[in-house]
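This briefing covers strand pairing, nonpolar cores and internal cavities. Please look over the sequence and the model before reading on.

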Amino acid sequence: MQKFLCIHGHFYQPPRENPWLETVEIQDSAYPYHDWNERITAECYAPNTATRNLDNDGRIMGIVSNYARISFNFGPTLLSWMEKFAPDTYHAIQAADRQSITWRSGHGAALAQVYNHIIMPLASLADKRTQVRWGIRDFEHRFQRFPEGMWLAETAVDLETLEVLAEEGIHFTILAPHQAARVRRIGTGRWKDVSGSRIDPTQAYLCRLPSGRSITIFFYDGPISQAVAFEKLLSSGERFADRLMSGYSDHDKHPQLVHIATDGETYGHHHAFGEMALGHALNYIEINNLARLTNYGEYLELHPATHEVQIIENSSWSCVHGIERWRNDCGCNSGGHSGWNQQWRRQLRESMDWLSGQLAAGYEDGLADYVKDSWEARNDYIEVMLDRSEENVAAFLLRHSRYPLDEDASVAVLSLLEMQRHAMLMYTSCGWFFDDLSGMETVQIIQYAGRAMQLAEIYCIQGIETQYLERLALAGSNLPEQGNGAEIYANYVNSAMIDLLKVGAHYAVSFVFEEYGEETDIFSYRAYREDHQIFHAGQMRLAVGKIFIRSSITRKTDRISFCNLYFGGHTLNCGVCSFVGEEAYLTMKQEVISAFNEGDFAAVIRLIDTHFGMHNFSLKDLFRDEQRHILRLIISGTLQEFEDKFITLYENSKSLMGFVRDTGMPVPNYFMTTAGTALNLKLQKMFTSETADLDRLKEDVNEIGSWDVGLDKVALEFIIRRRIEGSMAALLEEPENDQILSELLLLVEAQALLPLEVNLWQAQNMYWTMLQSRASDLRSDEGGTSERRSWSETVKNLGQLLFFNVPDVLASAKRDL
């Protein structure tokens with residue numbers, strides 16, 4: 001009996017981009033990372049590109065990618081983010097797919113995914129087609145090949161969805177075992193009932209479709225997948241491997257495929273160091289020749305389906321009630337909120353369905369005069385989403401338009417297509433998955449609906465928002481303070497909604513703090529400076545100017561004039577409006593400059609009110625990331641004062657407080673608070689200074705223990721980690737630089753003295769790269785000059801501190817020559 005093994009990871013995050021800025025704004029709950037995409041990349045997606053092979057003492061013997069040895073899919077919207085914000089991880093994932101093609105008989109590890117994770121059985125046929133086509137084209141763009149398989153969001157399935165997959169050339173998909181209804185051997189007439197997860201998951205199945213097409217389905221091993229996700233199976237790599245091997249049957253003689261499917265985040269995010277358990281299990285199975293690692297495409301080529309299957313329609317892997325979790329209060333939830341209900345799901349689904357129908361009709365009517373086929377244009381719009389360059393957008397419009405379009409018509413077409421993109425995004429499954437209407441995932445999809453309606457109001461349907469909110473108001477939050485859906489919309493969507501004027505306000509407000517060039521990107525907009533002047537009077541500043549703003553998405557433009565009176569600190573008065581003509585602009589400019597130069601600041605404020613009306617803005621109106629950046633600049637001086645005073649108070653008082661403690665008298669809480677703050681600040685400053693003072697560090701660590709104060713471990717670990725990574729990157733650039741090497745060794749020695757665990761993963765990866773490239777030098781330097789021997793010894797010592805088995809790694813590299 002041949003034994004094949006395939007582990008599938010569904011790597012996915014819901015799209016988190018601000019619908020108006022097209023970027024993920026800072027999320028404080030992901031601290032110390034910028035946002036949850038960044039955090040989960042650090043905990044899971046990146047570590048799986050470089051997992052450790054360890055010796056019996058837990059030291060690193062090698063670094064390999066898990067992705068090349070498993071099957072995986074990544075959500076297209078996640079990869080789009082990763083390409084820009086985590087390029088090293090993104091390229092490593094692409095490289096892993098190329099490696100797997102070499103290893104697996106020409107079959108890649110990567111599968112495609114329906115574009116933005118909508119529940120396919122609840123989608124219209126047109127939306128199903130768009131989701132599949134966008135998913136395929138995005139995959140081709142990133143992996144440079146056509147996908148053999150496609151992952152369905154939540155494995156939610158119906159026959160129409162399978163028809164679309166087969167129609168578009170997809171060979172297979174993966175479902176849960178409880179989604180199979182009946183099976184039979186191909187060519188026989190008798191069906192066997194396998195409902196209730198009784199299907200044999202160790203082989204492929206052919207599903208014949210009403211159209212005459214067919215598609216292959218793999219049903220993963222449910223019990224083992226469940227154990228990986230929820231039963232702490234990843235606490236041991238060998239235990240994981242043993243459980244995988246238990247999936248084979250000695251009684252079946254056909255080539256058996258044991259395969260599991262879980263959220264990819266299981267390996268590192270949901271379960272810390274889960275990627276290491278995965279890597280160890282794969283190594284253990286390969287080294288001991290227990291099974292042949294494969295992927296679905298390779299197995300299917302070697303062993304085509306001998307049985308056919310009928311599915312249970314409207315079923316999924318994460319709702320025992322089918323697909324009710326995404327439209328009803330079925331009882332499925334994430335737990336932890338006793339007494340809550342999810343009745344809001346029905347009203348949210350009905351609101352979105354009504355809105356989708358309205359947007360579809362408005363879209364068709366709005367594009368009728370411009371394009372040949374509105375739905376083919378939407379299906380092909382993925383080409384623009386992947387490349388928004390002027391040349392590519394122009395080619396797209398030329399391809400689909402009935403006649404050459406002028407600027408206004410082009411903006412209208414692109415805006416209506418954007419409306420449809422957001423009509424897709426508003427169906428992202430996570431909006432219904434969790435427990436409350438006010439949850440961040442649900443608010444996100446309501447924001448997508450808000451963006452779609454904003455565009456609809458301009459280009460095809462007036463008054464649509466009012467009707468939508470009447471329906472959304474029927475959905476209620478479990479939290480009384482959040483109210484109903486309409487109130488949530490008012491609090492979280494209206495406040496986030498922007499237009500070109502607000503982009504201009506962001507530019508104008510930040511202008512007194514930032515050095516802007518002639519052209520400036522403001523997220524998904526571009527600002528062109530046409531005129532500007534800044535005047536100073538003590539700490540006060542006056543900025544006057546005009547800019548031309550263009551959306552990089554819809555190409556819509558506006559010319560904005562502004563006047564900003566900055567008083568210092570966080571106080572300013574900024575007026576912004578659409579440009580109304582050169583004469584009015586010059587008059588405003590002359591009047592406010594004259595008043596400012598005369599020191600009549602009250603007159604400047606009155607003039608701003610006169611020329612700009614109610615369009616007044618402040619720091620509160622800045623987009624969140626820039627707002628944080630500017631506020632840090634403003635408070636930096638104040639923070640420095642606080643830091644200096646805390647440290648001075650501690651240093652001046654620690655001797656006296658030590659005496660008080662030694663007498664048995666309780667030390668005042670004020671001092672303990674000061675000691676904790678000061679000692680944490682001293683450590684943070686030490687690891688942000690040019691060099692680390694080991695003697696001083698030892699003193700501070702002893703004092704932390706003596707006073708039994710808590711470390712701000714999250715902040716300190718992040719600071720130390722980034723400092724070590726920066727030094728390691730510098731060493732990679734100049735491996736012969738003794739000063740960089742010595743300072744890096746000192747840093748790593750210093751962090752080892754602290755009562756916290758620093759994540760050295762990235763530093764280890766860089767050291768591994770250097771070790772591989774300089775292995776021959778490190779071996780030959782043993783008989784070289786004293787300088788070379790010293791360099792070699794320092795590099796090896798650094799490796800030991802980074803938990804490498806350097807001698808064995810070098811010996812292994814020599815054997816591989």
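**Strand 1 and its partners**

Strand 1 runs parallel to strand 12 (residues 256–263), and eight bridges join the two. The model is a predicted one. Strand 1 covers residues 3–11, and eight of its nine residues are buried, so the rest of the structure largely encloses it.

- Within the pairing with strand 12, Phe-4 stands opposite Leu-257.
- Strand 13 (residues 292–293) is also parallel to strand 1 and is joined to it by two bridges.
- Leu-5 is the residue of this pairing that faces Leu-293 in strand 13.
- Four bridges link strand 1 with strand 4, again in the parallel sense.
- His-8 has Ser-71 of strand 4 as its bridge partner.

**Nonpolar cores**

- In soluble globular proteins, nonpolar side chains tend to be buried together.
- The largest nonpolar core here has 168 residues.
- The members of this core that touch the most other members are Phe-72, Phe-74, Met-82, Phe-240, Met-352, Ile-446 and Tyr-468.
- Leaving aside residues up to four places away in sequence, Ile-446 touches Leu-348, Met-352, Leu-437, Tyr-468, Leu-472, Tyr-489 and Val-493.
- A second core, separate from the largest one, contains 57 residues, including Ala-46, Met-657, Ala-678 and Leu-745.

**Largest cavity**

- Rolling a probe the size of a water molecule over the atoms shows where empty space is left.
- Four cavities of 30 Å³ or more are present in the structure.
- The largest cavity has a volume of about 60 Å³.
- Its lining consists of 13 residues, and those nearest the centre are Phe-74, Leu-111, Ala-112, Phe-139 and Phe-143.
- At least two lining residues come from each of strand 4 (71–74), helix 2 (76–85), strand 5 (110–113) and helix 4 (125–143).
- By type, the lining of the largest cavity comprises nine nonpolar residues, three polar and one charged.
- Phe-74 thus appears both in this lining and among the residues with the most contacts to other members of the largest nonpolar core.
- Strand 4, which helps to line the largest cavity, is also a pairing partner of strand 1.

**Second largest cavity**

- What lines the second largest cavity? The residues are Pro-19, Trp-20, Glu-22, Glu-418, Arg-451, Ser-524, Tyr-525, Ser-551 and Ile-553.
- The space inside the second largest cavity is about 50 Å³.
- Four residues of its lining are nonpolar, two are polar and three are charged.

Key: Residues numbered from 1 in each chain as written. Predicted model: local features only at pLDDT ≥ 70, side-chain atom pairs only at ≥ 80, totals over all residues. Heavy atoms only, no water. 1 Å grid on protein atoms, 1.4 Å probe; cavity = no way out; pocket = protein on both sides within 12 Å on 5 of 7 lines; lining within 4 Å. Points joined across faces, edges and corners; volume = space filled by probe spheres on them. Nonpolar A, V, L, I, M, F, W, Y, C, P; charged D, E, K, R; others polar. Buried < 20%, exposed > 50% of the residue type's maximum accessible area, 1.4 Å probe, protein only. Pairing = 2+ DSSP bridges. Core = buried A, V, L, I, M, F, W, Y, C linked by side-chain atoms within 4.5 Å. Contact = heavy atoms within 4.5 Å.
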